[in-house]
Amino acid sequence: MYINQFPQRKTILLTGASGVVGQALLARLHAHSVICLTYRKPISHPNATTIPCDISLPGLGLSQTQLKDMAKCVDCIVHSAAITDFGETDELIHRTNVRGLENMLELAAIAQVPFYYISTAFIRPHQRKDGPLEHTYTISKREGERLVRESRLPYAIIRPSIVIGDSTSGEIARFQGIYNIISSLFRGFLPILPMLPQAYIDFIPQDVVANAIAGLIEHDCVAGEYWLTSGNKALMVRQIADLIAEFGKNQGIEINIPRMVSPDIVDRLIRPAFMSELPKSVKKGFDWFAQVAPYLCNEEPFPMSLPEMETRFGVAPLPHLETALTHSLEYWASQTRVCSGAKAKKDRVQLAKCEC
């Protein structure tokens, strides 16, 4: 529950409203008026107004009159729009994540309103010489944080980790990130796991993220950097793998968890020696996974701001993570029908064996 149960109604400018965080936040901001800047399709929500634009263009591609009218009526800006797909080009990621942010900061300067920047917990402050090459996405987010700090605007930087579905319903706007790993495990597309079993995979339900961001907005908090993570409560790779295997078993599907190895062994030994021998479908999925795995795993827990926010803003505590992930698995299974398809295939194989 929130301490501030009757917040002052605000007009909030939101980018990225169609994304995972944006959709969850839009639902949470039902007591406010929200202006959504969208690139493609309009947002359908009772308290939302849609303005089509392109944040990567100067002036967002809008007229000066439109910009000034918008600046007059907004109380704050929440910038959630970003390219998060590691498969996109460096140019597109930079154009959207950096240039788009610069344009939004210019609008905030015109409006003279607080700026809430949705960054990521996976920014590495220092690149290790023996570590994986940093991806353009995280480079763009670190550059974004620098731009926000130097903007001279009142701001808050918000760093969520991997966002999963609602902690109760499992519902989520788009299956990405950890869901791609889950799907690969169910389909048997991973010959090995380039992760150490004791590494942490930090995830947090979308409703927790939305509640925390709304808490900052409703308490006019624009001083600080907030880690929306599970911190020292984060689950380890082995725990998550076992939970997925148990979920599959309950669905009547046997999931063989692949051997877990250090990512550097994959790059130095396994990839050069064996990758060419794998089926094309398996190789493609594994290439993607090997690229993102180093970003998903952490040797040490992330910092965590939720206990502080619970005390200051009345944000609900972090829910039981195993239960929240199970609810996400249930929702994913109901929407993708991967479980029913895999079980049907298994039944056909068993029937064929009986007929033989």
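In which sense do E6 and strand E11 pair, and over how many bridges? The pairing is parallel, over 4 bridges. The notes below start there and work outwards. Keep in mind that this is a predicted model.

1. **E6 and E11.** Strand E11 covers residues 225–228 and pairs with E6 in the parallel sense. One register point is useful when you look at the structure. Ile158 has Tyr226 as its bridge partner in E11.

2. **Burial of E6.** Strand E6 runs over residues 155–160, and 6 of its 6 residues are buried. The strand is therefore largely enclosed by the rest of the structure. Its side chains split into two sets. Tyr155, Ile157 and Arg159 point one way, while Ala156, Ile158 and Pro160 point the other way. Note that Arg159 is among the buried residues.

3. **E5 beside E6.** E5 and E6 run parallel and are joined by 4 bridges. Phe115 stands opposite Tyr155 in E6. Strand E5 spans residues 115–118. From E5, Phe115 and Tyr117 point one way and Tyr116 and Ile118 the other way. All four of these residues are buried.

4. **E4 beside E5.** Strand E4 (residues 76–79) pairs with E5, again in the parallel sense, and 3 bridges link them. Here Ile77 has Phe115 as its bridge partner in E5. Phe115 thus appears in both pairings: it partners Ile77 and stands opposite Tyr155.

5. **Leu101, a residue to inspect.** Leu101 sits in helix H3. Its relative accessibility is 0%, so it counts as buried. Leaving aside residues up to four places away in sequence, Leu101 touches His79, Thr96, Phe115, Tyr117, Gly144, Leu147 and Val148. Phe115 and Tyr117 belong to the set that points one way from E5. The C-alpha atoms of Leu101 and Glu143 are separated by 9.9 Å, although the two residues are 42 apart along the chain.

6. **H3 against H4.** Helix H3 (residues 90–111) and helix H4 (residues 136–149) have axes that come within 9 Å and cross at roughly 15 degrees. H3 is therefore roughly parallel to H4. The crossing is right-handed. On the H3 side, the contact uses Asp90, Ile93, Asn97, Val98, Leu101, Glu102 and Leu105. On the H4 side, it uses Thr136, Tyr137, Ser140, Glu143, Gly144, Leu147 and Val148. By class, that gives 7 nonpolar, 4 polar and 3 charged residues.

7. **H5 against H11.** Helix H5 (residues 178–187) packs on helix H11 (residues 321–336) at an angle of about 65 degrees, and their axes are 12 Å apart. That angle makes H5 roughly perpendicular to H11. The crossing is right-handed. H5 contributes Tyr179, Ile182, Ser183 and Phe186, and H11 contributes Ser328, Leu329 and Trp332. These residues divide into 5 nonpolar and 2 polar, with no charged ones.

8. **A separate look at E12-E9-E14.** These 3 strands form an open sheet in that order, with antiparallel pairing. Strand E12 (235–236) and strand E14 (297–298) are the edge strands, each pairing on one side only. Strand E9 (residues 200–201) is joined to E12 by 2 bridges, and the two run antiparallel. For the register, Ile201 has Leu235 as its bridge partner in E12.

How values were computed:
Residues are numbered from 1 along each chain as its sequence is written. This is a predicted model: local features need pLDDT of at least 70, side-chain atom pairs count only at pLDDT 80 or more; totals for chains, interfaces and linings use all residues. Side-chain values use heavy atoms; hydrogens and water are left out. Axes are lines fitted to C-alpha atoms, for helices over the stretch in contact, and angles run from 0 to 180 degrees between N-to-C directions. Angles under 35 degrees count as roughly parallel, over 145 as roughly antiparallel, 65 to 115 as roughly perpendicular and the rest as oblique. A crossing is left-handed if the near helix is turned anticlockwise from the far one by less than a right angle, and right-handed if clockwise. Contact means heavy atoms within 4.5 Å. Ala, Val, Leu, Ile, Met, Phe, Trp, Tyr, Cys and Pro count as nonpolar, Asp, Glu, Lys and Arg as charged, and the others, Gly among them, as polar. Two strands pair if DSSP finds at least two bridges between them. Buried means under 20% relative accessible area, exposed over 50%, partly exposed in between (1.4 Å probe, protein chains only).
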